[in-house]
Amino acid sequence: MQGLWISALFLALVGFAAAQQDVLGDTARRPNVVFILTDDQDVHLNSLDYMPFVQKHLLEQGTYFNKHYCTTAVCCPSRVTLWTGKAAHNTNITDVNPPYGGYPKFVSQGFNENYLPVWLQAAGYNTYYTGKLFNVHTVDNYNSPYAGGFTGADFLLDPFTYNYLNSTFQRTGETPRSYEGEYVTDVLAQKAYRLLDDAVAAENPFFLTIAPSAPHANIQMSGSILDPDPVFVFDAPVSAKRHEHLFEDVIVPRGRNFNPDHPSGANWVRKLEQQNQTNVDWNDHFYRQRLRALQAVDELVDGLFERLEQLGLLDSTYIVYSSDNGFHVGQHRLQPGKSCGYEEDINIPLIVRGPGVAANSSTDIVTSHTDLAPTFFSLLGIPLRDDFDGTAFPVTENGLLAAPDRKHEHINVEYWGFAGGEGIYHRELHENNTYKAIRIVGSGYNLYYSIWCNNEHELYDMEVDQDQLQNLLLPATLPAPANSEARVAGLPIAKVIARLDSLLFVLKSCKGQTCRKPWQALHPEGNVETLKDALAAEFDHFYEVEQRRVQYNFCSNGYLVDAEGPMWETDGLVYRGGLTWDQWV
Ligand SMILES: *[C@@H]1O[C@H](CO)[C@@H](O)[C@H](O)[C@H]1NC(C)=O
Ligand SMILES: *[C@@H]1O[C@H](CO)[C@@H](O)[C@H](O)[C@H]1NC(C)=O
Ligand SMILES: *[C@@H]1O[C@H](CO)[C@@H](O)[C@H](O)[C@H]1NC(C)=O
Ligand SMILES: *[C@@H]1O[C@H](CO)[C@@H](O)[C@H](O)[C@H]1NC(C)=O
Ligand SMILES: *[C@@H]1O[C@H](CO)[C@@H](O)[C@H](O)[C@H]1NC(C)=O
């Protein structure tokens with residue numbers, strides 16, 4: 001019975017992979033990919049509404065993934081997850097800077113010889129890249145070693161990565177070159193078009209990544225983080241001269257969670273004071289500068305499509321548009337920035353256009369950056385790696401139609417270290433911004449559940465509270481009282497969080513198959529695949545009494561096993577230490 005069910009799921013999965021690949025047939029040249037990856041671009045502040053060429057070429061001609069998430073809401077960890085198909089707790093690249101992150105850590109963890117561009121080359125692809133690769137990829141360390149896996153590249157380097165008018169790029173085979181006084185995205189556009197020409201001139205199919213630094217804050221750095229006492233001066237993003245006058249009346253969308261009258265969130269977020277009008281006005285300016293900076297990206301996209309059309313490549317190329325993480329400006333009283341688990345920071349743009357992809361369409365399937373490398377593999381017909389933590393998701397019209405009914409519904413969000421505002425007010429770092437969370441969207445529920453390193457808990461019922469203003473687990477230092485009146489998904493919240501907590505317990509240290517099928521780790525019989533299945537009364541005792549709870553021992557700035565509390569043993573499927581639920585409550 002279970003065997004049959006697993007085979008059916010397997011067939012359905014093979015079905016969508018085949019449906020995806022059918023499009024080009026056996027004889028055609030393998031498809032190309034052009035991947036545009038912006039820096040810190042939001043969904044919830046409506047930035048895409050201000051990009052007419054992205055709308056024309058991508059949204060109207062492609063499929064938009066409403067529920068696409070990053071799993072670690074900050075550049076370097078998110079990018080490493082994207083390029084490896086592994087959760088941050090498995091890359092152990094958990095920060096932007098050493099010792100827990102940055103390019104040197106990426107290299108020392110062995111990924112420079114073992115990540116998507118390298119795998120694509122091994123599969124016969126030519127690989128090209130321009131723009132920001134990782135943080136702390138600098139004018140001093142770019143050649144020790146060179147970033148692996150690229151046929152041709154032109155990287156933006158620190159300490160100039162976020163300097164919109166004084167960038168430095170390093171082209172394959174050359175030394176770094178300064179573009180002082182030139183607008184970075186315009187320089188980048190020319191580099192992207194030249195790499196496209198190189199790609200077309202070669203025989204092989206290609207994968208070209210274009211990674212603008214916009215709309216990241218402008219940073220004037222006196223040196224890289226590796227230098228003694230570097231000074232980083234943050235300011236609003238800078239636009240090209242021709243876009244300076246745009247959007248004069250535009251302000252940050254005033255959602256319910258914008259600079260709210262009452263504190264919200266947990267831990268340090270809950271202690272923030274409401275912003276005064278001067279601060280709000282400046283943040284509106286910061287927001288307009290983001291939109292203005294995105295205009296040159298929009299033009300780059302238009303130029304790209306003009307060339308793809310002229311070159312006759314539109315029928316054989318997937319064009320994918322995304323960002324490394326989201327962004328907030330004023331929500332929950334936060335200064336401009338990212339690093340939080342709230343929806344503004346983790347729900348990010350993903351648009352795909354290409355052969356077989358439905359035009360002017362959108363989908364609600366739940367997907368994450370961990371899934372992108374496997375998805376590229378699947379699109380390009382490369383067999384999936386066993387060590388992927390993510391799963392390939394369908395992008396073509398037929399692929400989406402053939403996808404199993406019981407779709408993947410959760411995102412494993414994780415973060416270690418600091419959060420910092422990127423505007424001019426309150427630039428102090430917030431320590432202990434270490435948390436784990438689950439974002440889950442399924443039939444009858446739409447939830448966010450988090451545990452911070454001080455063991456505060458959050459639960460938001462986003463079916464009725466999409467702005468995440470009502471933490472149902474207040475006081476946040478306690479797990480939900482078992483007799484709470486509150487209900488989510490039609491059930492007492494204690495029942496629901498017992499399941500969510502167990503799912504997170506597995507996910508927080510999962511590897512490969514356990515990450516891809518965490519419910520199966522809890523139910524090896526294969527009879528539970530979703531939160532809804534797990535909510536069956538027959539599992540009440542299993543979840544509410546038998547299971548260990550997620551619990552930190554202390555706050556750490558990196559992924560230190562000692563800080564992480566009881567752990568799921570991924571190999572033997574047994575627990576190590578920790579309190580059970582009834583001991584907790
Ligand atoms: C731009 O960067 C160069 C180093 O590449 C530096 O010498 C120069 O002073 C910078 N210019 C400005 C205006 O900051
Ligand atoms: C408004 O808030 C900012 C940031 O806290 C502070 O620096 C500034 O002095 C305040 N201005 C007024 C007029 O209160
Ligand atoms: C896209 O779909 C919307 C309705 O969902 C329609 O109004 C619009 O005309 C469509 N655009 C194109 C280019 O097909
Ligand atoms: C951060 O966490 C550490 C270790 O758990 C604790 O000692 C410290 O007091 C915390 N700091 C703040 C500001 O909460
Ligand atoms: C992650 O990296 C840090 C810094 O190098 C190290 O201290 C820690 O033990 C590593 N964590 C794991 C789980 O390997």
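A polar contact is a pair of N or O atoms within 3.5 Å; within protein, one of the two must be able to donate a hydrogen and the other to accept it, and residues adjacent in sequence count only if both atoms are side-chain atoms. The exercises below concern a predicted model, in which local features need a pLDDT of at least 70 and side-chain atom pairs count only at pLDDT 80 or more, while totals for chains, interfaces and linings use all residues. Residues are numbered from 1 along each chain as its sequence is written, chains are lettered from A and ligands numbered from 1 in the order in which they are written, and side-chain values use heavy atoms, with hydrogens and water left out.

**Exercise 1. Ligands 4 and 5**

Task: Find which residues surround ligand 4, and then list the residues around ligand 5.

Solution. Step one is to collect the neighbours, where a residue is near a molecule or strand if one of its heavy atoms lies within 4 Å of it. Ligand 4 has Glu431, Asn432, Phe554 and Cys555 around it. A polar side-chain atom of Asn432 lies 2.4 Å from an oxygen atom of this ligand, and a backbone N or O atom of Cys555 lies 2.9 Å from an oxygen atom of ligand 4.

Step two repeats the search for ligand 5, around which stand Asn92, Pro99, Tyr100, Lys105, Tyr559, Leu560 and Val561. An N or O atom in the side chain of Asn92 is 2.4 Å from an oxygen atom of ligand 5, a polar side-chain atom of Lys105 lies 2.8 Å from an oxygen atom of ligand 5, and a polar backbone atom of Tyr559 is 2.8 Å from a nitrogen atom of ligand 5. Pro99 is joined to Pro98 by a cis peptide bond, with omega about 5 degrees.

**Exercise 2. An open sheet**

Task: State in what order the four strands of the open sheet stand, and explain why one side of S13 and of S18 is left without a neighbour.

Solution. Strands (E, at least two residues) and helices (H or I, at least four) are DSSP runs, numbered from the N terminus, and two strands pair if DSSP finds at least two bridges between them. The order is S13-S16-S17-S18, with antiparallel pairing. Strand S13 (410-415) and strand S18 (457-461) each have a single partner strand and stand at the edges, so one side of each has no neighbour in the sheet.

Now look inside the sheet, where S16 (residues 435-442) and S17 (residues 445-452) run antiparallel and are joined by eight bridges. Gly442 stands opposite Tyr445 in S17.

**Exercise 3. A hairpin**

Task: Determine how many residues lie between S5 and S6 in their hairpin.

Solution. Begin with the strands themselves: S5 (residues 166-171) and S6 (residues 177-180) run antiparallel and are joined by four bridges, and Asn166 has Glu180 in S6 as its bridge partner. Five residues lie between the two strands of the hairpin, and Gly173 in the turn has a positive phi of about 85 degrees.

**Exercise 4. The largest nonpolar core and helix H11**

Task: Name the residues that touch the most other members of the largest nonpolar core, and decide whether the residues of H11 are buried or exposed.

Solution. Two terms come first: buried means under 20% relative accessible area, exposed over 50%, and partly exposed in between (1.4 Å probe, protein chains only), and a nonpolar core is a set of buried Ala, Val, Leu, Ile, Met, Phe, Trp, Tyr and Cys residues joined through side-chain atoms within 4.5 Å. The largest core has 72 residues, of which Phe35, Trp83, Leu116 and Phe207 touch the most other members. Helix H11 (residues 372-380) gives the most to this core, with six residues. Apart from it lies another core of 42 residues, including Met51 and Phe305.

Next, take Phe207, using contact in the sense of heavy atoms within 4.5 Å. Leaving aside neighbours within four places in sequence, its contacts include Trp83, Leu116, Phe376 and Leu380.

For the helix, nine of the nine residues of H11 are buried, so H11 is largely enclosed by the rest of the structure. Among these buried residues are Pro374, Thr375 and Ser378. After H11 comes Gly381, with a positive phi near 75 degrees.

**Exercise 5. Two buried residues**

Task: Locate Asn259 and Thr84 in the chain, and work out which residues Thr84 touches.

Solution. Asn259 is placed in the loop between strand S9 (232-235) and helix H8 (267-270), and counts as buried at 11% relative accessibility. The side chain of Asn259 reaches the backbone nitrogen of Gln275 at 2.9 Å.

Thr84 has its place in helix H3 (residues 75-84) and is buried, with a relative accessible area of 1%. Not counting residues up to four places away in sequence, Thr84 touches Thr91, Phe111, Asn114, Tyr115, Trp119, Ala373 and Phe388.
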